[in-house]
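Here's a quick look through one model, from its core out to its surface. Have the structure open while you read.

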Amino acid sequence: MSKIKITQRQMVRIQKFLNESIIMEQTSDEITNIQNRLNSCFNAGLKADGKMGPKTKSAIEANIDYKVSVS
């Protein structure tokens, strides 16, 4: 089996697509769970409202080094 070669730009596009898909597939209850876990593990100070807003996005990126996109 041969390796697939992709450019850095292609990799960024793939990551963006995956991030958006992961976030869009989360229910309000799952986002609330994520917010509660960020609060308990990292003292993130989030309101557990089940909405993937800019504060939740920033807390994810700051604490687990995972870039997310919110539409």
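## Core and packing

Before we talk about packing, one term: contact means heavy atoms within 4.5 Å. Keep in mind, too, that this is a predicted model.

With that in hand, start at helix H3, which covers residues 54-64. Which residues of H3 are buried? They are Thr-56, Ala-59, Ile-60 and Glu-61, and the buried residues of this helix pack against H2.

Two of those names come back in the largest nonpolar core, where Ala-59 and Ile-60 join Ile-31, Leu-38, Leu-46 and Met-52. That makes 6 residues in all. H2 (28-42) and H3 each supply at least two residues of this core. As background, nonpolar side chains tend to be buried together in soluble globular proteins.

## The loop between H2 and H3

Now for the stretch that links the two helices. Asn-43 sits in the loop between H2 and H3, and its phi is near 55 degrees. That's a positive value in a residue other than glycine; most such residues have a negative phi.

Is Asn-43 buried or exposed? Its relative accessible area is 71%, so Asn-43 counts as exposed.

## A nonpolar patch on the surface

Not every nonpolar side chain is tucked away: Ile-6, Met-11 and Ile-14 make a nonpolar surface patch of about 240 Å².

Met-11 belongs to helix H1, which spans residues 8-24. Why does Met-11 count as partly exposed? Because its relative accessibility is 33%, and partly exposed is the class between under 20% (buried) and over 50% (exposed).

Key: Residues numbered from 1 in each chain as written. Predicted model: local features only at pLDDT ≥ 70, side-chain atom pairs only at ≥ 80, totals over all residues. Heavy atoms only, no water. Patch = residues over 30% accessible without salt bridge, like charges linked within 9 Å, V, L, I, M, F, W, Y side chains within 5 Å. Areas by Shrake-Rupley, 256 points an atom, 1.4 Å probe, with all protein chains shown as cover. Salt bridge = Lys/Arg side-chain N within 4 Å of Asp/Glu carboxyl O. Helix = DSSP H or I, 4+ residues; strand = E, 2+ residues; numbered from the N terminus. Buried < 20%, exposed > 50% of the residue type's maximum accessible area, 1.4 Å probe, protein only. Core = buried A, V, L, I, M, F, W, Y, C linked by side-chain atoms within 4.5 Å.
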